[in-house]
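Got the viewer open? Let's walk through this one together, one selection at a time.

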Amino acid sequence: MNFTLGKLTGWIAAAALTIGFLLAMSWLAIGPAQHAVASRAAAPGGLVDGLFYAVAGLTVLGAAGVALMRSILYSAIGLLMALLGVGSLYVFLSADFLAVTQLLVYIGGVLVLILFAVMLTNRITDVEVSNRSVGLWGGAMLFVAMAPVLLAMATVTPFAVREPEVVLATTAAIGNAFLTKWLLPFEVASMVLLATLVGAVVIARKELKAD
Amino acid sequence: MQISLSHFLAVGALLFTFGLLTVATRRNAVGVLMGIELILNGANVNFAAFNHYVVGGVSGQVFALFVIVLAAAEAAVGLAIVLAIFQTFKTIDVRHADLLRE
């Protein structure tokens, strides 16, 4: 009974997150373009702000889940929440291509790979495997030392903020930037990916014992 | 309160901190890799936020894309190493992979 209730809550949370992501995307992608003049003045800033706080809260909650959950599988679910939330934050920052890339590469690639590794290597039912070593006190001390400093730096520092323009679609600009200004890093990245492909296969395959 | 640069930087900072916490406290090698992903995502949020609010253009997004590429490569190689460790030691507890210490 308890288990089904937890499962139901999880599914509802996942559905809410997905719907929120789609809403945020459509609101920020279609909204400004369709009624750019009227909506900027009339659009309730409260809605976008509330959406941002919801997405940011889910992101931080997922990250906390990755750090604090006892089972490694729950950590993976927390990672899913965090990555999805970061993808939605990219939409808020009018980085549409980045958001879709996040969805494709992280959710579709890295997370599946991590879940795959969890299933392959872990005895799922064994909680002992995913215990922590430094312990709660070391982790809490690290958190208390790091988080206030970084948060204070983020909020206090006077950055030279300019008025952000409404960017419609960044894909063409990113493509041009890749093939002109960042051509060499782009090619190096493709070499890195090729080397990774070969290296991962070489490392992970079963060693054939030559008798 | 209007959302601004600081809000995104705060989210990035929290992601980074939780990632660091995960890397420092997990014994499970896959958990450590999850923490690294969180750290890289925190950095990426900062890249995109500074690009939107301070710099303009797409340079920050391009850099974030490179970070995503490297994170994917790192995850693939890291998980391959984890699988190799599991085949050798029959566990992925990072404290037990100490063959070089002897």
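Start by selecting A:Ser94, which counts as buried because it has 22 C-beta neighbours inside 10 Å, and 20 or more is enough to earn that label. Keep in mind that you're looking at a predicted model. Where does A:Ser94 sit? You'll find this serine in the loop between α4 and α5 of chain A. Check its backbone angles too: phi of A:Ser94 is near 55 degrees, so positive, even though the residue isn't a glycine. As a rule, most residues other than glycine have a negative phi.

**Stop 2: all of chain A**

Now colour chain A by secondary structure. How many helices and strands does chain A have? There are 8 helices and 0 strands, so to speak a plain run of α-α-α-α-α-α-α-α along the sequence. Of the 211 residues in chain A, 27% count as buried. If you draw contacts within chain A between residues at least 6 apart in sequence, 60% of them join residues at least 24 apart.

**Stop 3: all of chain B**

Switch to chain B. Here you get 3 helices and 0 strands, in the order α-α-α. Turn the chain around: its C-alpha atoms fill a box of roughly 55 × 25 × 20 Å along the principal axes. What is the radius of gyration of chain B? It comes out at 17 Å, whereas a compact globule of 102 residues would have one near 13 Å. Buried residues make up 58% of the 102 residues in chain B. As for contacts in chain B with a separation of 6 or more, 51% come from residues 24 or more positions apart.

Try colouring by confidence as well. Chain B has a mean pLDDT of 88, with 98% of its residues at 70 or more. Among its helices, α2(B) has the highest mean at 92 and α3(B) the lowest at 90. For the complex, the predictor gives an ipTM of 0.91 and a pTM of 0.80.

**Stop 4: along the helices of chain B**

Select residues 5-25 of chain B to light up helix α1. Its 21 residues reach 30 Å from the first C-alpha to the last, close to the 30 Å expected at 1.5 Å a residue. Is α1(B) enclosed or open? Because 18 of its 21 residues are buried, α1(B) is largely enclosed by the rest of the structure.

Next comes α2(B), residues 29-55. At 1.5 Å a residue its 27 residues should span 39 Å, and the end C-alpha atoms are 37 Å apart, which agrees. This helix is mostly covered, with 21 of its 27 residues buried. Just after α2(B), click on B:Gly56, which takes a positive phi of about 85 degrees.

Then pick B:Val62, in helix α3 of chain B. This valine counts as buried because it has 23 C-beta neighbours inside 10 Å. What does B:Val62 contact beyond its neighbours within four places in sequence? The partners are A:Ile174, A:Ala177, A:Phe178 and A:Trp182. Draw a C-alpha to C-alpha distance from B:Val62 to B:Asn51 as well: the two are 11 residues apart in sequence and 9.8 Å apart in space.

**Stop 5: where the chains meet**

Show both chains and select the residues in contact: 70 of chain A with 63 of chain B. On the chain A side, the elements giving two or more residues are α3, α4, α5, α6, α7 and α8. Which helix gives the largest share? That's α5(A), with 13 residues. Colour the chain A side by residue type and you get 50 nonpolar, 17 polar and 3 charged residues.

**Stop 6: the core**

Finish with the largest nonpolar core, which has 78 residues. The members that touch the most others are A:Ala63, A:Leu89, A:Ile114 and B:Val30. Both chains take part: α1, α3, α4 and α5 of chain A and α1, α2 and α3 of chain B each supply at least two residues.

Zoom in on A:Ala63 for your last view. Not counting residues up to four places away in sequence, A:Ala63 touches A:Ala82, B:Leu14, B:Leu15, B:Phe18 and B:Leu38.

Definitions and conventions
Residues numbered from 1 in each chain as written. Chains lettered and ligands numbered in written order. Predicted model: local features only at pLDDT ≥ 70, side-chain atom pairs only at ≥ 80, totals over all residues. Contact = placed C-beta atoms within 7 Å. Helix = DSSP H or I, 4+ residues; strand = E, 2+ residues; numbered from the N terminus. Nonpolar A, V, L, I, M, F, W, Y, C, P; charged D, E, K, R; others polar. Expected span 1.5 Å × (residues − 1). Buried ≥ 20, exposed ≤ 12 C-beta atoms within 10 Å, placed from the backbone. Core = buried A, V, L, I, M, F, W, Y, C linked by C-beta atoms within 7 Å. Rg over C-alpha atoms; globule rule 2.2 N^0.38 Å. pLDDT = per-residue confidence, 0-100.
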